[in-house]
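Please open the model in a viewer and keep the selection panel at hand. The stops below proceed from one pair of helices to another and then to single residues.

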Amino acid sequence: MVVSIANHHMGLRARGVATQNRILEKAVHIASIEGLSSMSLATLAKATSMSKSGLFAHFRSKEALQIAIIDEAERIFTELVVRPAQQSSGAERLDMLVHGYADYCARGPFQGGCFFAAAAHEFDGRPGPVRDRVMAFFETWSGHVRVALQEAQEKGQLRDNANVN
């Protein structure tokens with residue numbers, strides 16, 4: 001009986017995660033067009049065929065939803081821009097990161113263009129957890145670029161006196 005109850009709860013959690021992923025897939029695209037703070041729960045509920053209370057069952061607040069959307073946007077960014085460059089190093093990695101970022105902005109997955117440029121603009125001057133999460137993305141992204149610059153410098157592909165920080 002205990003195994004049956006445990007399996008039942010695992011099944012519920014798996015369905016909950018699948019539903020959250022479906023919500024976030026729609027939400028990130030809507031937010032790229034409307035903005036994180038302008039995206040209405042009614043629009044998201046309609047796009048996911050859910051009720052607003054159903055959305056709140058998965059995300060306890062609009063702020064929690066916004067942060068989850070940023071996490072999803074970063075996952076997509078990592079898949080499209082960062083991961084392809086991971087097998088290279090130095091100037092080649094830097095080139096792949098820069099061109100990947102340019103391609104992401106110009107022809108990326110979101111109708112609204114660069115999700116993070118828009119989110120940074122939207123939350124600039126608005127302190128709080130959502131802005132902090134957007135800034136954390138930029139810290140992570142600049143860290144990838146900084147590592148590639150340092151590798152290029154160590155390989156002699158970049159001047160020794162170039163400031164890579």
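Which residues in H4 meet which residues in H6? In this predicted model, select Gln66, Ile69, Ile70, Ala73, Glu74 and Phe77 on the H4 side, then Phe115, Phe116 and Phe123 on the H6 side; these residues meet one another. Sorted by class, the contact of H4 with H6 comprises seven nonpolar, one polar and one charged residues.

Now display both helices in full: H4 spans residues 62-82 and H6 residues 115-123. Their axes come within 10 Å and cross at roughly 150°. Because of that angle, H4 is roughly antiparallel to H6, the cut-off for this term being over 145 degrees.

**Helix H6 alone**

Keep H6 and select Phe115, Phe116, Ala119, Glu122 and Phe123, which are buried. They lie on the same side of H6, because the arc they cover around the axis is only 125°. In general, an α-helix has 3.6 residues a turn, so residues three or four places apart point the same way.

Next, centre the view on phenylalanine 123, which lies in H6. Is phenylalanine 123 buried or exposed? Its relative accessible area is 5%, so phenylalanine 123 is buried, the limit being under 20%. With neighbours within four places in sequence set aside, phenylalanine 123 is in contact with Leu36, Ser37, Gln66, Val130 and Arg131. For a distance label, choose the C-alpha atoms of phenylalanine 123 and phenylalanine 137: they are separated by 13 Å, and the two residues are 14 apart along the chain. After H6 comes glycine 125, with a positive phi near 80°.

**Helices H5 and H7**

Select residues 129-154 for H7 and place H5 beside it; H5 covers residues 90-107. H5 and H7 pack at an angle of about 150°, with their axes 7 Å apart. H5 is therefore roughly antiparallel to H7, and the crossing of the two is left-handed. To show the contact, take Gly90, Ala91, Arg93, Leu94, Leu97 and Tyr101 from H5, and Trp141, His144, Val145, Val147, Ala148, Leu149, Glu151 and Ala152 from H7. Of the residues in this contact, 10 are nonpolar, two polar and two charged.

Stay with tyrosine 101 of H5. Its relative accessibility is 25%, so tyrosine 101 counts as partly exposed. Beyond its neighbours within four places in sequence, tyrosine 101 is in contact with Phe77, Val81, Cys114 and Trp141. A C-alpha to C-alpha label from tyrosine 101 to threonine 48 reads 29 Å, for two residues 53 apart in sequence.

**Helix H2 and the loop after it**

Follow that label to threonine 48 in H2, the helix of residues 41-48. Leu41, Leu44, Ala45 and Thr48 are buried there. These residues cover an arc of only 100° around the axis, which means that they share the same side of H2.

What phi does serine 49 take just after H2? Its phi is positive, about 55°, although serine 49 is not a glycine. Most residues other than glycine have a negative phi. Serine 49 lies in the loop between H2 and H3 (52-58). With a relative accessibility of 70%, serine 49 counts as exposed.

Definitions and conventions
Residues numbered from 1 in each chain as written. Predicted model: local features only at pLDDT ≥ 70, side-chain atom pairs only at ≥ 80, totals over all residues. Heavy atoms only, no water. Buried < 20%, exposed > 50% of the residue type's maximum accessible area, 1.4 Å probe, protein only. Helix = DSSP H or I, 4+ residues; strand = E, 2+ residues; numbered from the N terminus. Arc of directions from axis to C-beta. Contact = heavy atoms within 4.5 Å. Axes fitted to C-alpha atoms, helices over the stretch in contact; angles between N-to-C directions. Parallel < 35°, antiparallel > 145°, perpendicular 65-115°, else oblique. Left-handed = near helix turned anticlockwise from the far one by under 90°. Nonpolar A, V, L, I, M, F, W, Y, C, P; charged D, E, K, R; others polar.
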